[in-house]
Amino acid sequence: MSASSASVHPVEETPATDVGDVAPIVSMKNIEGMPGTRGGLALRCFQLGFAAAAFGVMAASSDFASVSAFSYLVAAAGLQGLWSFFLAVLDIYALLVKRNLHNRPIVTFFAVGDGITTTLTFAAACACAGITVLIDNDLDLCSVNKCVQLQSATAMAFLCWLTTLPSFFFNFWSLASR
């Protein structure tokens with residue numbers, strides 16, 4: 001009986017390189033859009049701008065207090081604006097002092113807060129969109145109401161939601177990958 005013998009194949013050793021030649025490893029902590037990065041600050045500034053626009057346009061409407069969905073949008077946009085302002089200030093601080101905002105309690109706080117404000121903003125935008133379509137298409141009351149103003153505030157709320165969503169996903173992904 002002929003048995004095969006084990007053979008050893010030599011493996012070439014990879015040459016050592018200087019530390020400066022190694023490409024940086026991209027981890028979850030280094031992705032733009034995370035808290036404490038320029039991308040995260042940009043997202044927060046857009047969230048703040050869209051929330052302030054939705055709040056201002058809807059609050060300037062004379063009809064917003066008569067419909068609960070419009071009042072809800074004002075409350076949700078106000079909360080989103082305060083939340084985004086608070087986190088933008090934290091991002092500015094982290095960028096100025098080169099501080100890392102990736103420890104577990106802070107990321108948990110960001111993820112929960114972003115999840116709550118994202119849900120509230122989306123619900124308010126959907127409710128306002130439904131009422132606006134009802135007023136415009138079904139009741140034909142746009143001559144009485146300022147439909148363009150209501151539609152603009154609703155669009156700003158949806159844009160605010162679209163810019164809040166990446167922040168929530170980045171924070172939740174960072175939290176889940178630990």
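**View 1. Four stretches that UniProt labels as transmembrane regions.** According to an unreviewed UniProt entry, the feature "transmembrane region" sits at residues 41-60, 72-97, 109-135 and 155-176. What you have on screen is a predicted model, so let's see how it draws two of those stretches. Residues 41-60 come out as 100% helix and 0% strand, with the end C-alpha atoms 28 Å apart. Residues 155-176 are likewise 100% helix and 0% strand, and here the end C-alpha atoms are 31 Å apart.

**View 2. Helix α1 and what its buried side packs against.** How far should the 23 residues of α1 span? At 1.5 Å a residue, the answer is 33 Å, and the end C-alpha atoms are 32 Å apart, which agrees. Now look for the residues of α1 that are buried: Gly 40, Leu 41, Leu 43, Arg 44, Gln 47, Ala 51, Ala 54 and Met 58. Which helices do they pack against? The buried residues of α1 meet α2, α3 and α4. Here's a handy bit of background as you scan that list: an α-helix has 3.6 residues a turn, so residues three or four places apart point the same way.

**View 3. Thr 37, in the segment before α1.** Step back along the chain from α1 and you find Thr 37 in the segment before that helix. Is Thr 37 buried or exposed? Its relative accessibility is 11%, and because the cut-off for buried is under 20%, Thr 37 counts as buried. The side chain of Thr 37 reaches the backbone nitrogen of Gly 40 at 3.1 Å. Setting aside neighbours within four places in sequence, Thr 37 is also in contact with Ile 31, Glu 32 and Leu 95.

**View 4. The largest nonpolar core.** This core has 16 residues, and the ones touching the most other members are Met 58, Phe 70, Leu 73, Cys 128, Ile 135, Leu 150 and Ala 157. Each of α1 (38-60), α2 (68-96), α3 (104-138) and α4 (147-176) chips in at least two residues. Which helix gives the largest share? That would be α2, with six residues. Apart from this core lies another one, of five residues, including Trp 83, Ala 94, Leu 101 and Phe 110.

**View 5. Leu 73 and its neighbours.** Zoom in on Leu 73, which is found in helix α2. Leu 73 is buried, with a relative accessible area of 1%. What does Leu 73 touch, not counting residues up to four places away in sequence? Its contacts are Met 58, Ala 124, Ala 125, Cys 128, Ala 153 and Ala 157. Take Met 58 from that list: Leu 73 and Met 58 are 15 residues apart in sequence, and their C-alpha atoms are 7.8 Å apart in space.

**View 6. Helix α2 from end to end.** Helix α2 has 29 residues and reaches 42 Å from its first C-alpha to its last, close to the 42 Å expected at 1.5 Å a residue. Just after α2, check out Lys 98, which takes a positive phi of about 55°.

**View 7. Two cysteines, and a count of disulfides.** Is Cys 160 buried or exposed? Cys 160 is buried, with a relative accessible area of 2%. Cys 45 is partly exposed, at 43%. For background, a disulfide is a covalent bond between the sulfur atoms of two cysteines. How many disulfides does the model have? The count comes to zero.

Conventions. Residues are numbered from 1 along each chain as its sequence is written. This is a predicted model: local features need pLDDT of at least 70, side-chain atom pairs count only at pLDDT 80 or more; totals for chains, interfaces and linings use all residues. Side-chain values use heavy atoms; hydrogens and water are left out. UniProt positions are given in the numbering used here, feature names are shortened, and annotations may be inferred rather than shown by experiment. Helices (H or I, at least four residues) and strands (E, at least two) are DSSP runs, numbered from the N terminus. A disulfide is a pair of cysteine sulfur atoms within 2.5 Å. Buried means under 20% relative accessible area, exposed over 50%, partly exposed in between (1.4 Å probe, protein chains only). A nonpolar core is a set of buried Ala, Val, Leu, Ile, Met, Phe, Trp, Tyr and Cys residues joined through side-chain atoms within 4.5 Å. A polar contact is a pair of N or O atoms within 3.5 Å; within protein, one must be able to donate a hydrogen and the other to accept it, and residues adjacent in sequence count only if both atoms are side-chain atoms. Contact means heavy atoms within 4.5 Å. The expected span of a helix is 1.5 Å times one less than its number of residues.
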